[in-house]
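Work through the exercises below with the sequence and the model side by side. Each task is followed by its solution.

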Amino acid sequence: MHQHAETTLRDGTTISDLINHETREVKVRALSDPELYELEMERIFAKTWIFLGHETEIPNKGDFVTRDMGSDAVIVARDRDNEIHVSLNVCPHRAMRVQTHDAGNTNVHMCIYHGWAFKPNGDFIGAPIEKECMHGKMTPKDQLGLKKARVALYGGLIFATWNIDGPSLEEFFGDAKYYFDTLFLRTKGGLEVLGPPQRFRINANWKTACEQSAADGFHTLTLHRWLGEVGPYAKKPDAEGKGADLSPEMYGSEVWTDHGHALRCIELDRKIVRLTGKDPAELTPAEKLTVLPPPGITPAMVPELLERFDDGQLKLMSWRPPQVGGFFPNGLFEFIYLPQPDGTIIGACALHAYIPKGPDKLEFMNWIFAEKDTPPELKARMLRQSVQMLGTSGMVEMEDSDTWPHQTEVAKGAMSKTITMKYQALFENGAPEGWPGPGHVGDGFTKDDTQWAWWKYWHELMTSEK
Amino acid sequence: MEKNPLEPRPLPPSLRANRVPVGSPLYNDMVEFMYDEAELFDTLRLRDWIAMVAKDIEYTVPLRHTRATRDQDKSVVRTVQHMYDDYRSIMLRVMRVMDTRSAWGEDPPSRTKHMVSNIRVYRTDKEDEFKVHSYLLMTRNRFDHDKFDLIPCERHDVIRKTESGYQLARREVIIDQAVLGTPNLGIFL
Ligand code: FES
Ligand SMILES: [Fe+2]
């Protein structure tokens, strides 16, 4: 399907020279090279499906938000028929940014430079002084609209691609869809954003954040060690002994797909023992989901889960639910269970997009969610918990955002850019017994396979051209 | 408009009629509170700062949105915010930095300057609580970077008079940037 397009960089290196498939290594140069960055914008961000937001951000006809698909600015707008459209936010007249607001409501997006006007679906409405033919004589009016992307909605999440005839979003998700369904399609009411996304800039290459999102589990033990020292995972010194070892929290299964999507499915057994005092093997999925429902779900909402999912998915949700992972190229999800001081557990649901802003800069966007049907006080608690742990002031994620700039900076050294990053910790055991889902699966402590799958797909896209 | 249950309780208004004159003893107390607090932040004396914080504090940093002039009321977003803390989470932030050896996001610590200016003080309908409105320009420098992150913002505080001195009872920090130019808020504003 793809045609080989090996590109030679200015110094004679090819993209395939940067990656060693046998030893699972990637040259550090990949984290900073400006030539690669240009190619990534064309071959990845202008080709794959890109996550842009959630339909509940623009609930009314005429609502819009402005977003980015890689290096391209777009308008995400709802039209009079309630359809969502994604259009390039560049005026076809003389290339002014058409919509300069972050969000709003309008049925006419008018370019302030010379006044050309467009519908929420990107169609050209008209230019001023029609009788003097300001819109010109060469290009027909129906071709003067904003360039339109192909849009797909999934569980209210808005994705778009410039690859108009390419694979469907479902094909792109592949085996990951089975697992994503347990996160994004839990209730009939569906998810809703609790507000607009947080946004902040980090002086780092987008891939430092994104390859970590491909389920790097090892970093949590050291980079997030404080969580076990004084944070939510700290042990009670009298009952459980001292120590900040987070490794018991890292057991479970990991799933990866050929399109670089990754899921860390973390075991709930320890938490269920804590909450019930019973052996989880003796509890049915329904019983387990009732004592420890997924984030945003109350015990009263559990019957709806039982109706919506098959036995395999219910088993997964009550045993090893996906809690952290990434969707290729630049998305991360966190649907995590956070222990509270009073012994209860509160969930946090968040999605991140890491928007490339040049070889040395990314924009971190963080959306916080709950189910529409989550009771208001629980929503409010989840919101606070999420803001305190994730995103801008997040006590977990501030260590991550402080790490990526260092990686990006040191990747420029004449010597350091030639050394390699290693993804050599491998699962060797396949899926655990009774694993219900598809995809490549590894059982036990976190490993590197998920991140390696991310780099493999990066390489595939970077050396392919339609 | 009806209150969104996800938003924090609103601050008392800054009524011009209730302005405390510049230079009056109460005004001077508030200025000294602001300066002392800035010094504690910038010299990493977070435990001493905690002693100046009321147990019922709400500490919030709304998002900013770029909106049309006629929609300026929508340019401050108080559902999802950059920071949404209570006393317990503030304590956790302080313990993280002071009691562990793994708060890497602030270890080594940022070098900061909290520059507080344009201080205006208002009486509120509670006798022991004062509204303090100020500008804050903060510089933040890390590692061997030659550049500073600049965080321009304004603070809307409620300072409460207690038997053991003044305490910070409420703070809302409204940042000028819609997209923050600093990699996290691992520091207090
Ligand atoms: S550039 Fe938009 S109308 Fe001219
Ligand atoms: Fe992390």
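**Exercise 1. Describe the fold of chain B from its contacts, elements and dimensions.**

Step 1. Take the contacts (heavy atoms within 4.5 Å) in chain B between residues at least 6 apart in sequence: 63% of them join residues at least 24 apart.

Step 2. List the elements, where helices (H or I, at least four residues) and strands (E, at least two) are DSSP runs numbered from the N terminus. Chain B has 3 helices and 7 strands, in the order β-α-α-β-β-α-β-β-β-β from the N terminus.

Step 3. Compare the radius of gyration, taken over C-alpha atoms, with the globule rule of 2.2 Å times the number of residues to the power 0.38. For 189 residues a compact globule would be near 16 Å, and the 17 Å of chain B agrees with that. The C-alpha trace spans about 50 × 45 × 30 Å along its principal axes.

Step 4. Count residues as buried under 20% relative accessible area, exposed over 50% and partly exposed in between (1.4 Å probe, protein chains only). In chain B, 56% of the 189 residues are buried.

**Exercise 2. State how far the prediction can be relied on, by the predictor's own scores.**

Step 1. This is a predicted model, in which local features need pLDDT of at least 70 and side-chain atom pairs pLDDT 80 or more, while totals for chains, interfaces and linings use all residues. Side-chain values use heavy atoms, without hydrogens and water; residues are numbered from 1 along each chain as written, and chains are lettered from A and ligands numbered from 1 in written order.

Step 2. pLDDT is the predictor's confidence in each residue, from 0 to 100. Chain B averages 96, and 99% of the residues score at least 70.

Step 3. For the complex, the ipTM is 0.97 and the pTM is 0.97.

**Exercise 3. Which protein donors does the iron ion (ligand 2) have?**

Step 1. Donors are N, O and S atoms within 2.8 Å of the metal (3.2 Å for Na, K and Ca); water is not among the atoms, so sites may look incomplete. A:His219 (NE2), A:His224 (NE2) and two OD atoms of A:Asp400 lie 2.1 to 2.4 Å from the iron ion.

Step 2. Along the chain, these donors follow the spacing H-x4-H-x175-D. A:His219 is in helix H5 (residues 219–223) and A:Asp400 in helix H13 (residues 397–410) of chain A, so the pair ties together parts 181 residues apart in sequence.

Step 3. Both A:His219 and A:Asp400 are buried.
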